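Trainee: I'd like a close look at one part of this model, with the rest of the chain as background. Could you walk me through it?

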Amino acid sequence: MSPADSAEAPIYADLVEERGDVPAEVREAAEEALREADRVLDFSTLEVTAA
């Protein structure tokens with residue numbers, strides 16, 4: 001949230017100050033989960049064989 005946004009939404013700014021920026025934390029956790037999934041589910045090294 002930029003300083004301009006917090007001036008327009010003082011209630012939200014107060015909540016972020018009290019509870020933390022939950023949407024940002026969720027976004028970071030989701031990005032980390034996607035990175036881990038990409039790492040774990042990397043099938044690029046598998047050899048394709050004809051059936």
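Which helix do Glu32 and Arg35 lie in, and how many residues apart are they?

Mentor: Both Glu32 and Arg35 lie in helix 3, which covers residues 22-40, and they're three residues apart, about one turn of the helix. Keep in mind that this is a predicted model, so let's talk confidence before geometry. Helix 3 is where confidence is highest in the protein chain, with a mean of 94. Helix 1, residues 3-8, sits at the other end, with the lowest mean, 61. Where pLDDT is low, the predicted coordinates shouldn't be read in detail. For the protein chain as a whole, the mean pLDDT is 84, and 84% of the residues get to 70 or more.

Now the pair itself. Glu32 and Arg35 form a salt bridge, and their closest N and O atoms are 2.9 Å apart. The cut-off for such a contact is 4 Å between a side-chain nitrogen of Lys or Arg and a carboxyl oxygen of Asp or Glu. In general, side chains of opposite charge can pair when their charged atoms come close. The structure holds just one salt bridge, so you're looking at it right here. As for burial, Glu32 has a relative accessible area of 40%, so it's partly exposed. Arg35 comes out at 48%, so that residue is partly exposed too.

Follow the chain to the end of helix 3 and there's a nonpolar patch on the surface, made of Val40, Leu41, Phe43 and Leu46. Together they have about 440 Å² of accessible area. Phe43 is in the segment after helix 3, and its relative accessibility is 56%, so it counts as exposed.

Zooming out, the protein chain has three helices and zero strands, so from the N terminus the order of elements is simply α-α-α. Of its 51 residues, 2% are buried. The chain exposes about 4,700 Å², and carbon and sulfur atoms supply 57% of that area.

Note on methods
Residues are numbered from 1 along each chain as its sequence is written. This is a predicted model: local features need pLDDT of at least 70, side-chain atom pairs count only at pLDDT 80 or more; totals for chains, interfaces and linings use all residues. Side-chain values use heavy atoms; hydrogens and water are left out. Helices (H or I, at least four residues) and strands (E, at least two) are DSSP runs, numbered from the N terminus. Buried means under 20% relative accessible area, exposed over 50%, partly exposed in between (1.4 Å probe, protein chains only). Accessible areas come from the Shrake-Rupley method with a 1.4 Å probe; for residues, only the protein chains shown count as cover. Patches are made of residues with over 30% relative accessible area and no salt bridge: like charges are joined within 9 Å, nonpolar side chains (Val, Leu, Ile, Met, Phe, Trp, Tyr) within 5 Å. pLDDT is the predictor's confidence in each residue, from 0 to 100.
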